[in-house]
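Open the model in your viewer and keep the selection tool at hand. The stops below cover enclosed space first and strand pairing after that.

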Amino acid sequence: MITSTGNAQVKELVRLMKKRKARDEAGVFLVEGPRMTGELLEDPEWRGQIEKVWMSESYARRHESGANAGEKATALPDGCRTELLSDAVFSHVSDTKTPQGILAVVRRREYSMQDVLGEDPGKALVAVLDNLQDPGNMGTIFRTAEAAGATGILMSSDCVDIYNPKVVRSTMGALLRMPFLCEDDLPAALEDLKKAGIRVYAAHLEGKEFYDREDYRRGTAFLIGNEGNGLREETARTAECMIRIPMEGKAESLNAAVAASILMYEASRQRRN
């Protein structure tokens, strides 16, 4: 068991937790908590991506003894590399105020455009995010996209780091199930979507049509812009149709995640009917 925060492995773990550059160079991300770690371990494809599982002393003791009958134990498969940390050291490493006692270092999976569009591009439903910056918004959009039946997410490379521990946590596991791509040239990627038969809609204050008057039963992509500035002009220009969400009162705009949720669920409603 490691009992010192000065340990080289602990220092590297802290670096991965706090520094995007370190995560990018290593090609990994961190998952914290029994729920998401358990999901990794239960999925054969993700289980093979786990580099190491770290546990606090009290978490390991609690699950070895089975003392917490109401808490589901995270079963570690044979051959899974594990390391034990004292509770104080685990708290030092953790990104949460109340550490849950287990985290995993995981190798990233690479997705293709085909993954984002699904098996039938004619039925694709894609959320396209342009310079989105809030970790909570990103996590909410991932969760809502999965719940609404979206096939994938496309985002500009200057969006908030999808592997930021706060973003990972806020996706509530949707990050493990929702294909996504980060693009340096988002307008070019959108042109590729259109060539694949996807109709591109921009959620925009200058939209002439209300969102619920369009037909989203075919391949559809919704463009969602930055929280403060909206869509960049070069991104908005790629849209075949600008739509808006009607608002009463003095509200000038909606939260990015709320707007994305309204649009994706309208597409879901139309497809159910």
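**Two cavities and a strand**

Select Phe 29, Trp 46, Arg 109, Tyr 111, Tyr 163, Leu 175, Leu 176 and Phe 180: these residues line the second largest cavity. On a 1 Å grid over the protein atoms alone, a cavity is a set of points where a 1.4 Å probe fits but cannot get out, and lining residues have an atom within 4 Å of a point. The model is predicted: local features need pLDDT of at least 70 and side-chain atom pairs pLDDT 80 or more, while totals for chains, interfaces and linings use all residues. Residues are numbered from 1 along each chain as its sequence is written, and side-chain values use heavy atoms, without hydrogens or water.

The space here is about 50 Å³, a volume being the space filled by probe spheres set on the grid points, which are joined across faces, edges and corners. Its lining has seven nonpolar residues, one charged and no polar.

Next, select Met 17, Leu 30, Val 31, Glu 32, Met 36, Asp 95, Pro 165, Val 168 and Arg 169, which line the largest cavity, of about 60 Å³. Six are nonpolar and three charged. Strand S1 (28-32) and helix H9 (165-170) each supply at least two of these lining residues.

Now move to strand S2, residues 50-56, where six of the seven residues are buried (under 20% relative accessible area, 1.4 Å probe, protein chains only). S2 runs antiparallel to S4 (residues 102-107), with five bridges; select Ile 50 and its partner Val 106. With S3 (residues 82-85), S2 pairs in the parallel sense over four bridges; there, Met 55 partners Leu 84.

Technical notes. 1 Å grid on protein atoms, 1.4 Å probe; cavity = no way out; pocket = protein on both sides within 12 Å on 5 of 7 lines; lining within 4 Å. Helix = DSSP H or I, 4+ residues; strand = E, 2+ residues; numbered from the N terminus. Nonpolar A, V, L, I, M, F, W, Y, C, P; charged D, E, K, R; others polar. Buried < 20%, exposed > 50% of the residue type's maximum accessible area, 1.4 Å probe, protein only. Pairing = 2+ DSSP bridges.
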